[in-house]
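Visitor: I have a new complex open on my screen. Can you walk me through it?
Guide: Sure. Here it is.

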Amino acid sequence: MRWRYCRPSREVSLFAIVEGPLVVGEIISGAFRPDCGAVATFIGTTREDATEGARVEYLEYEAYRPMADRKLAEIGREIAERWDVREVRIVHRIGRVGLGEPSVVIVVAAPRRGAAFEASRYAIERIKQVVPIWKREVWSDGYVWVGSQVGTRPAARALR
Amino acid sequence: MSGMNGTRAVRVLLFGAAADQAGARELELQVRDGATLGDLWNELTGRYPGLTPMGDTLAFAVNQEYAGMERRVSPGDEVAILPPVSGG
């Protein structure tokens, strides 16, 4: 995995886009600090979906890099401006991701739990707004780009 | 990068559904001096009509930062065509 460390003053943060499975425990425990009493974690996992006669087999993510890396770090700065947090970690996986596997791990360490919970929620919402990453659901009967409804599935073709 | 008649090349990257609809992920477009993203979009949809229905949903970036249609593009710029993001 390729880690990209970003160290704004006094904070230690990690923003990374990686291929291959996320080592969730390491990402979380790396945020433990003596000045923080709360570490909130959000893990996004790929969800199985099914309709009559078809089901999702896996997901595939792609990113516009390095813009996506920069946008993750920007979210970290936005959080630091809004809450008293001491560390933010966001690691997003790209490439093929099997069902039920983590695709994104967000860890926020803060002195108190309120800020940790709120900031981790903020991080995932912002990722879904501004970070140039896209996912494609690969179904048994074709694929579809989530959010665009473009693809080779019968339902997606009908929309074209 | 310099072309004929005062036109210059801009590098265009397409992602996700936009790459699908165009059948291309990366290309170079000649743009006139003073051209905007809007001009470039017209040029692009002329060449790849499959992109046209996506128009209202797309965002654009110039040199890796979001930009509006009035944004000027210059020779050597990197323009990205960004469908609705769906990370997480």
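**A chat about the complex**

Guide: Chain B has two helices and five strands. Keep in mind that this is a predicted model.

Visitor: In what order do the elements of chain B run from the N terminus on?
Guide: The order is β-α-β-α-β-β-β.

Visitor: And how compact is chain B?
Guide: Chain B has a radius of gyration of 12 Å, and the globule rule gives 12 Å for 88 residues, so chain B is as compact as a globular protein of that length. Its C-alpha trace spans about 40 × 25 × 20 Å along the principal axes.

Visitor: What average pLDDT does chain B get?
Guide: The average is 92 for chain B, with 92% of the residues scoring at least 70.

Visitor: And chain A? What is its average?
Guide: Chain A averages 91, and 90% of its residues score at least 70. Watch residues 1-10 of chain A, where the pLDDT is below 50. In the model that stretch has 23 contacts beyond near neighbours in sequence.

Visitor: What ipTM does the predictor give the complex?
Guide: The ipTM is 0.90, and the pTM is 0.90 as well.

Visitor: On to the interface. How many residues of each chain are in contact?
Guide: On the chain A side, 30 residues touch 21 residues of chain B.

Visitor: How much area is buried between the two chains?
Guide: About 2000 Å² is buried between chain A and chain B. Carbon and sulfur atoms give 50% of that area.

Visitor: Which residues of chain A lose the most area to chain B?
Guide: They are Tyr64(A), Met67(A) and Trp134(A). Together they make up 31% of what the chain A side buries.

Visitor: What about polar contacts? How many residue pairs does the rule find across the interface?
Guide: The rule finds 21 residue pairs in polar contact, counting pairs with both residues at pLDDT 80 or more.

Visitor: Which elements of chain A give residues to that interface?
Guide: Those giving two or more residues are strand 5 (54-63), helix 2 (67-82), strand 7 (102-110), helix 3 (113-130), strand 8 (133-139) and strand 9 (142-145) of chain A. Helix 3 of chain A provides the largest share, five residues.

Visitor: How do the residues on that side divide by type?
Guide: The side of chain A that touches chain B has 17 nonpolar residues, five polar and eight charged.

Visitor: How many salt bridges cross between the chains?
Guide: The rule finds three across the interface. One that you can look up joins Glu65(B) to Lys71(A), with the closest N and O atoms 2.9 Å apart.

Visitor: And how many over all chains?
Guide: The count is 17 over all chains. Within chain A, look at Glu60(A) and Arg136(A), whose side chains meet in a salt bridge at 2.8 Å, N to O. This pair links distant parts of the chain, 76 residues apart. Glu60(A) is in strand 5 of chain A and Arg136(A) in strand 8 of chain A.

Visitor: Backbone oddities next. Where is there a cis peptide bond?
Guide: A cis bond joins Arg65(A) and Pro66(A), with omega about 5°. Pro66(A) sits in the loop between strand 5 and helix 2 of chain A.

Visitor: Which residue has a positive phi although it is not a glycine?
Guide: That is Gln149(A), with phi about 55°. Find Gln149(A) in the loop between strand 9 and strand 10 (150-151) of chain A.

Notes: Residues numbered from 1 in each chain as written. Chains lettered and ligands numbered in written order. Heavy atoms only, no water. Contact = heavy atoms within 4.5 Å. Buried area = accessible area lost by both parts, 1.4 Å probe. Salt bridge = Lys/Arg side-chain N within 4 Å of Asp/Glu carboxyl O. Polar contact = N/O pair within 3.5 Å; in protein donor to acceptor, adjacent residues only side chain to side chain. Helix = DSSP H or I, 4+ residues; strand = E, 2+ residues; numbered from the N terminus. Nonpolar A, V, L, I, M, F, W, Y, C, P; charged D, E, K, R; others polar. pLDDT = per-residue confidence, 0-100. Rg over C-alpha atoms; globule rule 2.2 N^0.38 Å.
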